[in-house]
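Please examine the structure shown here before attempting the exercises. Each task is followed by a worked solution.

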Amino acid sequence: MSTPLNRLSPLPVRERAACMCSQGDRCSSFAPGHALHLIQARIASATPAEWVDALVVATDAVAGDLVVRTLDGEVHELWNGSGAALEAAPGTPVALHARYGVLAVGRTQFNVATV
């Protein structure tokens, strides 16, 4: 007699994969705006011509929102759930890789979502 397989339905699996940063824990998702994946960081650094310098115009640390303006005057509204708004106060110089959604604040890089 074989034992029945314990298979999880897709719903509990999706619930377990939900990001923990909304509850104040470490970010467990690599979706845009959450944790920075190693491959995302490497591919952004492998395309250095696509980085643009910018200044932080506004931040909302509670919501995780940032507004940055490139030196060409282009405005990008971004969101990050892992603390980018805490690290980058208005007036902070940053670098943005819009194609791969990476924001560099000093040596720290964040995965950002375009709002």
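The exercises below concern a predicted model.

**Exercise 1.** Determine how many helices and strands the chain has, and in which pattern they follow one another.

*Solution.* Begin with the count: there are 3 helices and 7 strands in the chain. Next, read along the sequence, where the elements occur in the pattern α-α-β-β-β-α-β-β-β-β.

**Exercise 2.** State what percentage of the residues is buried, and describe the exposed surface and the contacts of the chain.

*Solution.* The chain comprises 115 residues, of which 33% count as buried. Turning to the surface, the chain exposes about 7,700 Å², and 56% of this area is supplied by carbon and sulfur atoms. Finally, consider the contacts with a separation of 6 or more: 51% of them are accounted for by residues 24 or more positions apart.

**Exercise 3.** Find which side chains meet in a salt bridge, locate both residues in the chain, and classify each as buried, partly exposed or exposed.

*Solution.* A search of the whole structure yields 1 salt bridge. The partners are R99 and E50, whose side chains meet at 2.8 Å, N to O. The pair links distant parts of the chain, with the two positions 49 residues apart in numbering. R99 belongs to the loop between β4 (93-97) and β5 (102-105), whereas E50 lies in the loop between α2 (38-45) and β1 (52-60).

For the classification, compare each relative accessibility with the cut-offs. R99 has 56%, and exposed means over 50%, so R99 counts as exposed. E50 has 32%, which falls between the limits of 20% and 50%, so E50 counts as partly exposed.

Methods. Residues are numbered from 1 along each chain as its sequence is written. This is a predicted model: local features need pLDDT of at least 70, side-chain atom pairs count only at pLDDT 80 or more; totals for chains, interfaces and linings use all residues. Side-chain values use heavy atoms; hydrogens and water are left out. Helices (H or I, at least four residues) and strands (E, at least two) are DSSP runs, numbered from the N terminus. Buried means under 20% relative accessible area, exposed over 50%, partly exposed in between (1.4 Å probe, protein chains only). Contact means heavy atoms within 4.5 Å. Accessible areas come from the Shrake-Rupley method with a 1.4 Å probe; for residues, only the protein chains shown count as cover. A salt bridge is a side-chain nitrogen of Lys or Arg within 4 Å of a carboxyl oxygen of Asp or Glu.
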